[in-house]
Structure formats: C-alpha cells, structure tokens
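Let's take a walk through this one together, from the middle outwards. Keep the 3D view open and click along as we go.

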Amino acid sequence: MSSSRYTFWVLILVVVIAGVSQGLTIPLLAVLLEKQGVSSLANGLNAAALYIGMVLVSPWLEIPLRRIGYRSTILWGLLLVTAATVLLPFFSHLAVWFVLRLLMGVGDSSLHYASQMWVTKIAPPERRGRDLSLYGLAYGIGFSIGPLGINLLPFGIWAPFAAVTVLYVLAFCLLARIRNAFPDPVPPAADGGRENRYAAVFRLGWLALIPSFLYGYMETSLNGSFPVYALRTGISVEWVSLILPSFVVGSIILQMPLGALSDRIGRRQVMGACALVGAAAFLLFPLSGSSVWGMMLLLALAGAVVGSFYSLGLAFAADILPASMVPTAGIIAGVNFGVASILAPNVNGLMMQLWEPWTIFWLMGGQLLAFAAACLLQRPQPEKMRLHTQKG
C-alpha cells in the first residue's frame, strides 16, 4: 500500500471517531437540557455554541494549515475536543457548557477542515468523488453510531463521555503513525490578497459552496432540534436514539454510489436530482404523524439522497477551481456549515414555540427545492473557469 493510501485510510478511521463524538454529544446534551426543564429556545442557543466556535475559527484555519501542515492542525483540533469532552460531565451550568461547546466547535472545525483538505489533495482526480464520498461515509457511520451512546446514561452521566474519550485516545495513536504534509503554495498570479482570493472562489464556485450550508442546516435540525420535537410529541428517548441514526444510515447506503455516479455524469446533475428527492421527503414528513417507522423511512430516504452533499460540494469545488484555491473553498464551506448550524437550532426553536412543530421540516424541504432550481438554471463551464482563474 502506498503512503498516500495509508494516510487516506488513517484519516478515514479518525473521521469515524469524530463522527461518533458529534453524533453522540449533540443529541445527548439536548436531551440532558430538556430533562432539566430548559426551554427549546435556550436549548437551541446552547447547541449553537458548537457552531459559533466553528464560524469563529474557520476563516483563520488556512493560516495554520499552510504553516504547520495537515497532521499538526488535526492534532491540535483533536486535543481541544478531547479536553472539552472530558470536562462536560463535571459541570451542568448553561454558561459553562456554552464555553465548552464553543471549544468543541473550534476543535471539530480544525480537525474536519484539515482532514477534508488532506483527502482532497491526495485523491486522484478520476476517483475524487468516490474518495470524498468514502470520507463522508466514514463520518456518517460514526455519526449513526453516536446517538446509541445515549443508552449509556443509566451507568451515570459520565459514561457516554468516557466512551468517547477512549476513542479520542485511539485517534491520537493513529495520527502518530503518519507523516505530516502541506497544501500546495498559492501561485503569485492567484494571490491577490485574502479578500480577492475569497471573492474569486465565491464568484467561480458559488454553486459548489451551497451544499455545505444545506447539510449543516439539515444535520443540526435533526440532531439538535428533533430530540426536543420528539419528546414534546410523546416519543421516548430510547426511540429518539433509534430514529436519529436513520438519516445517516440512509446516507451510508448511497454515499459511495452517488460519489461514483458524480465522477461519471457530473456533480451538479447528481446534486440537483438528489435535492428534489430530499425536498419531497421533508415536505412529506408531517404526514408521518407519530408513526416512528414512518419517520425512520422518510429520514432514511432524505439521508440517502442529501447525506453526501458536503463531500460532493467539496469535490465539485475541486473540479472547477485550481488546486491552490481549494483550501480557500474549504474555509468558505466550513463557515457556511457553521452559520447554517447556528441558525438551525435557533430558527427551529422559535418556530416550535410560535407555529406548528412540523414546519421545521417544510423549511428544510423549501431550501432543497431552491437549490435544485439553482442546479437546473446554472450552466457552469469548468474548463473556462479554471483557465480564466489561472490567467487572473
């Protein structure tokens, strides 16, 4: 096995662990706060701390990535997440949890950004969609396993956090066995300053950056707001831990096939068609009523078609932008994900207080319909974009 493929598989294992962590802590803390009698709006504001941390650090991550490399950036992020996770069960005050979740957001963003950019760099162009889909699949597997850790609560509030900490130690051991690497330097012709480079990425790759926002909104809505929605409609915590993974399990089924299909027929066509099917699943969700199996089926369908949006969006950006600009696109995608994840629990908490709870699913369906329309109307020409950017 070549060193690049060995590095790739180590990153895949690390992202599984990161997925388990996020898949557990987001709904676990939402459930714990709901049991304490915290309002849905306050619960949502506290959950937003994770994504505030992501948004605050994301614009700056390109600096350490270029200076200290991929592995070092991942290790620093992992260290922050581990420290915050260990401290969470020792406190119950909302303000303390807000700060710790903020630190988790900083660490998560560092870990995911560096690992995504590293996979994008070492993936051959002809299999970029499959490799990034495998990355997303690994995260999805971990994320789907994560909520099951809620069932460790009978052993004590510390038990789920201790289990995640053990996995973090394993991640440190895996990363210690691979060599550091650095992204491609920015050519003088493309380096017109931070603002100009970001503006160029927005102008040329705006369609590829939307999926990260959509995925962030959907993921946080389901994992941060759905537990509150479910408990208020009479669904037990045990059922919540089984319903939530169905979205990610659905994405696992089609993650690799969609990545391979996008390598053959194009990312835009695949994402546009998937957005239409996902919109239908969310718009039909209110019809499931209190049927647990109906909810699981619709969430699995939505996950199957839109669960790979983040990785497909990154692959699309790598297709239409020069290699030196891909880390910048990754920064913007991370900010989009964070902003969406901050908005989702707050908007959903407000909607559940002012209107019918199921309107949160109509909002997600509407967003996907708008993106499908954008995919249909936009006619990008990757070769011309790349040529124009390099000349500039």
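Start in the greasy middle. The largest nonpolar core has 123 residues, and the members that touch the most others are F226, F247, F282, F309, F361 and L368. Helix α8 (residues 194-232) supplies the largest share of this core, with 16 residues. To get a feel for the packing, pick L368: leaving out residues up to four places away in sequence, L368 touches L214, M218, A275, G278, A279, F282, V306 and F309. Keep in mind throughout that you're looking at a predicted model.

How far can you trust it, then? The chain averages a pLDDT of 83, and 93% of the residues score at least 70. Helix α4 (residues 70-87) has the highest mean pLDDT of the elements, at 94, while helix α16 (residues 382-391) has the lowest, at 41. Over residues 190-195, pLDDT is below 50, and that stretch makes seven contacts in the model beyond near neighbours in sequence. Residues 381-392 also stay under 50, with 16 contacts in the model beyond four places in sequence. Where pLDDT is low, the predicted coordinates should not be read in detail.

Now for the charges. How many salt bridges does a search of the whole structure find? The count is seven. One of them is between the side chains of R5 and D131, with N and O 2.9 Å apart. R5 sits in helix α1 (residues 3-35) and D131 in helix α6 (residues 128-145), so this pair links distant parts of the chain, 126 residues apart. Both partners are buried: R5 has a relative accessible area of 18%, and D131 comes in at 1%.

While you're in α1, have a look at T7, which lies in that helix too. T7 counts as buried, with 10% relative accessibility. Setting aside neighbours within four places in sequence, T7 is in contact with W118, I122 and I178.

A more local salt bridge joins E62 and R66, whose closest N and O atoms are 2.9 Å apart. Both residues lie in helix α3 (residues 62-68), four residues apart, which is about one turn of the helix. Is each partner buried or exposed? E62 is buried at 2% relative accessibility, whereas R66 is partly exposed at 24%.

Next, find D319 and R128, whose side chains meet in a salt bridge at 3.3 Å, N to O. D319 is in helix α13 (residues 309-320) and R128 is in helix α6, so the pair ties together parts that are 191 residues apart in sequence. D319 is partly exposed, with 23% relative accessibility, and R128 is buried, with 12%. This pair isn't on its own, either: salt bridges with shared partners join R128, R130, D263, R267 and D319 into one network.

Since we've landed on α13, stay there for a moment. Its 12 residues reach 16 Å from the first C-alpha to the last, close to the 16 Å expected at 1.5 Å a residue. Of those 12 residues, 11 are buried, so the helix is largely enclosed by the rest of the structure. The buried ones are F309, Y310, S311, L312, G313, L314, A315, F316, A317, A318 and I320. You've met F309 already, as one of the core residues that touch the most other members.

Helix α7 (residues 158-175) is another one to check with a ruler. Its 18 residues should span 26 Å at 1.5 Å a residue, and the end C-alpha atoms are indeed 26 Å apart. Which residues of α7 are buried? They are A159, P160, F161, V164, T165, Y168, A171, L174 and L175. The buried residues of this helix pack against α1 and α4.

Last stop, the cysteines. A search of the whole structure turns up zero disulfides. Take C274: the closest cysteine sulfur belongs to C375 and is 9.8 Å away, so it is too far for a bond. C274 is buried, with a relative accessible area of 7%. C173, by contrast, is partly exposed, at 47%.

Terms used: Residues are numbered from 1 along each chain as its sequence is written. This is a predicted model: local features need pLDDT of at least 70, side-chain atom pairs count only at pLDDT 80 or more; totals for chains, interfaces and linings use all residues. Side-chain values use heavy atoms; hydrogens and water are left out. A nonpolar core is a set of buried Ala, Val, Leu, Ile, Met, Phe, Trp, Tyr and Cys residues joined through side-chain atoms within 4.5 Å. Buried means under 20% relative accessible area, exposed over 50%, partly exposed in between (1.4 Å probe, protein chains only). Helices (H or I, at least four residues) and strands (E, at least two) are DSSP runs, numbered from the N terminus. Contact means heavy atoms within 4.5 Å. A salt bridge is a side-chain nitrogen of Lys or Arg within 4 Å of a carboxyl oxygen of Asp or Glu. A disulfide is a pair of cysteine sulfur atoms within 2.5 Å. pLDDT is the predictor's confidence in each residue, from 0 to 100. The expected span of a helix is 1.5 Å times one less than its number of residues.
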